[in-house]
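Here is a friendly walk through one protein model, going from a single side chain out to the whole fold and back again. Have the viewer open and follow along.

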Amino acid sequence: MTISESSTGMPLDAATLMSTILEGILYGFSVLMFIGTIWIFTYKRRMRDARPTIVVATLLFLLSTVHMVICIIYVENGLVKYSDTFPGGPVAYFADLLQPMFVVKNAILVLQTLLGDGVVIYRCYVVWQSARIIILPCIMWCGVAVFGVCMVYSMSQLADNSTNFFLNATPQWITTFISFTMATNLLSSGLLAYRVWMIERKVSATRATKNNIPILRVFVDAAILYSAAVCSSLISFVCSSSGMYVMADLVIPIISIAFYMVFIRIASSQNSQTYAQTARGGITETERRNTRYPMQPSHTIRLHKQSSSTSLTDSPKV
């Protein structure tokens, strides 16, 4: 099964090479941010408290690394190993969607997407402390999983007699998967940002001065970064552009970067002097005197006042 000439944009061999180069650049940034995340959560906090974050960060790093390695092998096979032996040359090789490396790349994309969306939904639960608020995001997350599996399976089962990929049934799975991914991320990030804003507004009402909310901007920036990459992939695919190959590969490191930037910013706020804490058994004395909004147990939410700014972190009780 190959993509027909109806796709627009640069040749597939050039698009694949460009996507690998750009992914390599973003992967380098994500590696640095991964190292920073591990360092901060290992040496600035106790390992018991940082263990969930470290596990998720490591999984994101491993998936990104495997995807990067596969992309390099995929490009090497098309441009070097099979450039003279594959019928049609490198362009035909990269247009062949039945190549095992291409199928594995898409499977990793689905796993990385599920992990990234799952982290955002978990953050929602932490700040809301209500299972009801994440019912719809969880349903949409399950939809992403189902459509992702169907997408990978249908791509691996494409008939050889299909002459136009964009007219095949597989694009329907791809479009639905990308759309659900973007909707899930926007919904979860919106709920998360709204809750952070509400908490800060109630706490700020007891203070003499109003503070900025840099952590809220980090959440919003991470959501915009992720959604912009996914939206670009959807637009490229709908337009039958070969740019979808570039954006599909770039989404992998972007998910990792969006995750790391939030937790590095949260961990860097740990040395502030004032905070409001919610944990098992109750809240801090400051909140008992000055605030009335209740938060459920199990997790800590700290609002730090430092350099006229407020930040929020979600973690188990220290």
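## Starting at Q112

Let's begin inside helix α4, where Q112 has its place. A word of care before going further: the model is predicted. Is Q112 buried or exposed? Its relative accessible area is 0%, so Q112 is buried.

What surrounds this glutamine is worth a look. Beyond its neighbours within four places in sequence, Q112 is in contact with L60, L63 and S64, and also with I252, I255 and S256. I252, I255 and S256 appear again below, since they belong to the α8 side of a helix pair.

## How α4 meets α8

Helix α4 covers residues 100–128 and helix α8 covers residues 243–267. Their axes lie 10 Å apart and make an angle of about 30°. An angle under 35 degrees counts as roughly parallel, so α4 is roughly parallel to α8. The crossing of the two is left-handed.

Which residues of α4 make the contact? They are F102, K105, I108, L109, Q112, T113, G116, V119 and R123. From α8 come Y245, A248, D249, V251, I252, I255, S256, F259, V262 and F263. Sorted by character, the residues of this contact comprise 12 nonpolar, 4 polar and 3 charged. Q112, our starting point, is thus part of the α4 side.

## A second partner for α8

Helix α8 also packs against α1, which spans residues 12–43. Here the axes are 8 Å apart and the angle is about 15°, so α1 is roughly parallel to α8. This crossing, too, is left-handed.

How do the residues of the contact of α1 with α8 divide? There are 22 nonpolar, 5 polar and 2 charged residues.

## Two more residues to inspect

Q129 sits in the loop between α4 and α5, the latter being residues 135–156. If you check backbone torsions, its phi is near 50°, a positive value in a residue other than glycine. For context, most residues other than glycine have a negative phi. Although it lies in a loop, Q129 counts as buried, at 10% relative accessibility.

S189 takes us to helix α6, residues 170–204. At 12% relative accessibility, S189 counts as buried. Leaving out residues up to four places away in sequence, S189 touches V120 and A223. You can also measure out a distance in the viewer: the C-alpha atoms of S189 and D117 are separated by 9.4 Å, while the two residues are 72 apart along the chain.

## The chain as a whole

Stepping back, the protein chain has 9 helices and 4 strands. Along the sequence they follow the pattern α-α-α-α-α-α-α-α-β-β-α-β-β.

The chain holds 318 residues, and buried residues make up 53% of them. Q112 is one of the buried residues, as are Q129 and S189. The accessible surface of the chain comes to about 14600 Å², with 66% of that belonging to carbon and sulfur atoms.

What share of contacts between residues at least 6 apart in sequence joins residues at least 24 apart? The share is 75% in this chain. The helix pairs described above give you places to explore this in the viewer, starting with I252 of α8, which is in contact with Q112.

Note on methods: Residues are numbered from 1 along each chain as its sequence is written. This is a predicted model: local features need pLDDT of at least 70, side-chain atom pairs count only at pLDDT 80 or more; totals for chains, interfaces and linings use all residues. Side-chain values use heavy atoms; hydrogens and water are left out. Buried means under 20% relative accessible area, exposed over 50%, partly exposed in between (1.4 Å probe, protein chains only). Contact means heavy atoms within 4.5 Å. Accessible areas come from the Shrake-Rupley method with a 1.4 Å probe; for residues, only the protein chains shown count as cover. Axes are lines fitted to C-alpha atoms, for helices over the stretch in contact, and angles run from 0 to 180 degrees between N-to-C directions. Angles under 35 degrees count as roughly parallel, over 145 as roughly antiparallel, 65 to 115 as roughly perpendicular and the rest as oblique. A crossing is left-handed if the near helix is turned anticlockwise from the far one by less than a right angle, and right-handed if clockwise. Ala, Val, Leu, Ile, Met, Phe, Trp, Tyr, Cys and Pro count as nonpolar, Asp, Glu, Lys and Arg as charged, and the others, Gly among them, as polar.
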